[in-house]
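Please look at the sequence and the structure shown below. A set of questions and answers follows, each worked through step by step.

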Amino acid sequence: MSTFLVRNASLLATFDDQEREIADGGLFVRDGFIELVGPTAEMPDSADEVLDLAGHVVLPGLINTHHHFYQTLTRAVPAAQDANLFNWLVTLYPIWARMQPEDIYVSTITALAELALSGCTAASDHLYIFPNGSRLDDQIQAGLDFGMRLHASRGSMSLGESQGGLPPDSVVEDEDFILEDSQRLIEQYHDPNPGSMTQVVLAPCSPFSITGDLMKASANLAREYGVQLHTHLAETEDEEQFCIELFGHRPVAYMDQVNWLGSDVWFAHSVHVNNDEINQYALTGSGVAHCPNSNMRLASGIAPILKMLTFGVKVGLGVDGSASNDSSHMLGEVRQAMLLSRLAAGLEGASLSGEDGSPLMTARQALRMATRGSAAVLGRDDIGSLEVGKCGDFFAVNLQQLNLSGALHDPLAALVFCAPVTADYTVVGGRFIVKEGHLTTVDLQPHIEKHNERAKRLLE
Ligand SMILES: [Zn+2]
């Protein structure tokens, strides 16, 4: 039995159904789960761990729904800086093909460190390339060592260049082996229980790197075990053309054909979707991981996120891989989601009065997407808000800092409108992963040196 008490928070934003924001707020966590949330006056006097958060704003931990941790090794690669998706991929595949198992472990820690310092307590990663003996196990071990909740995707590529796919044949895998390894990973690591630290997801990479047969077989296997399905979809116009030429369908119709629409599926991006397709997402419960920075970086387009929310689609937030962002800052991503949605509204000629019913995404809507929205996308009801019975996952930011100065009349909105800040405390299930602004499970400077050495070797 262990207990954790938060008291005196200047503002505690719950993101519960009532959207309660509690002044002088507190939280009481027992064995990883929230037992009480409310004003400090209603909290017990003591606990095994007591954290006084006077002068701080407290939010549920942010949840990242799409990433490729390994790409932290290939940020800002010169030859891939100014390319669109297909050219960017063709440049990077051969570099990624040099990775070793230790690269997976080291890059995972780097990404988790960045995420934790930006308020993230749960993340999904999409690992789809396994060169030189690399395995998803290397990433899962890093997640456990670090202490963040991880939805590790067993990604895959099976449609090589010689079969009409985009990736070189040297990086694709045998389909029987992909399925065998997926089953092994689910049986070994997947924990579906409340408070789970590790879940396994099946995630064929994209329509242009996977056969229809493997899409169908992955869906069958995932449903046999009750695990989630994930892939990239409708990211670029190139992909749309590819699907029409090779499969005779637009991307979403192709997903329908291979049994990939449902409440256990979420798609990264969905930039190029029409009203009928958005409606299909809503009707089937299929989720979307919105990745605004990556969509801007690769000039992919602007995903119609407000429309998706209006139609009732589950939308979460993702930073995407670090070769197309090139940052894992969750608060930075929340900010870009709000700003990009506003740019889209302006380009569509919306009236910008700032009154109720305004087509402008609000700071709170953007934060809700990164908490409740992301939790729903990952199929979890035990994280995403600060409510009795949910996991004790939260982060806290000291309000007395330059970036937020002059914005304390609305500290919650300040976290989105002002330049992105780092978390002073990030807690997962009542355990610190960031304390007083420092990571508790990683010695950062030596780690950065090791990470840079490994990145250098890949590019040599
Ligand atoms: Zn991606």
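Q: Which spacing do the donors of the zinc ion follow along the chain?
A: In this predicted model, donors are N, O and S atoms within 2.8 Å of the metal (3.2 Å for Na, K and Ca), and a site may look incomplete since water is not among the atoms. The protein donors of the zinc ion are His66 (NE2), His68 (NE2), His232 (NE2) and Asp320 (OD), at 2.1 to 2.4 Å from the ion. Read along the chain, these donors give the spacing H-x1-H-x163-H-x87-D.

Q: How many residues apart in sequence are the parts that histidine 232 and aspartate 320 tie together?
A: Helices (H or I, at least four residues) and strands (E, at least two) are DSSP runs, numbered from the N terminus. Histidine 232 belongs to strand S10 (residues 229-233), while aspartate 320 sits in the loop between strand S13 (314-317) and helix H11 (330-347), so the parts this pair ties together are separated in sequence by 88 residues.

Q: What is the arrangement of the 4 donor atoms around the zinc ion?
A: Four donors count as tetrahedral if all angles lie between 85 and 135 degrees, and as square planar if opposite donors are over 155 degrees apart and all others between 65 and 115; six count as octahedral under that second test, and anything else is irregular. Around the zinc ion the 4 donor atoms subtend angles of 88 to 174°, and therefore the arrangement is irregular.

Q: Is histidine 232 buried or exposed?
A: Relative accessible area decides this, with buried meaning under 20%, exposed over 50% and partly exposed in between (1.4 Å probe, protein chains only). Aspartate 320 is buried, and histidine 232 is likewise buried.

Q: How many of the 11 residues of H3 are buried?
A: Among the buried residues of H3 are Leu136, Ile140 and Phe146. Helix H3 is largely enclosed by the rest of the structure, because its buried residues number 8.

Q: Which residues does glycine 147 touch, not counting residues up to four places away in sequence?
A: Glycine 147 follows H3 and has a positive phi, near 100°, and its loop leads on to strand S8 (149-156). At 4% relative accessibility, glycine 147 counts as buried. Taking contact to mean heavy atoms within 4.5 Å, the residues that glycine 147 touches are Met197, Val428 and Ile433.

Q: What is phi of glutamate 19?
A: Most residues other than glycine have a negative phi, and most peptide bonds are trans. Glutamate 19 is found in the loop between strand S1 (3-13) and strand S2 (21-30), and counts as exposed because its relative accessibility is 51%. Its phi is positive, near 55°.

Q: Where is aspartate 326?
A: The peptide bond that leads from asparagine 325 to aspartate 326 is cis, with omega near 0°. The place of aspartate 326 is in the loop between S13 and H11.

Q: What is the radius of gyration of the protein chain?
A: The protein chain has 14 helices and 17 strands. The globule rule (2.2 Å times the number of residues to the power 0.38, with the radius taken over C-alpha atoms) gives 23 Å for 460 residues, and the chain is as compact as a globular protein of that length because its value is close to this, at 21 Å.

Residues are numbered from 1 along each chain as its sequence is written, and side-chain values use heavy atoms, leaving out hydrogens and water. Because this is a predicted model, local features need pLDDT of at least 70 and side-chain atom pairs count only at pLDDT 80 or more, whereas totals for chains, interfaces and linings use all residues.
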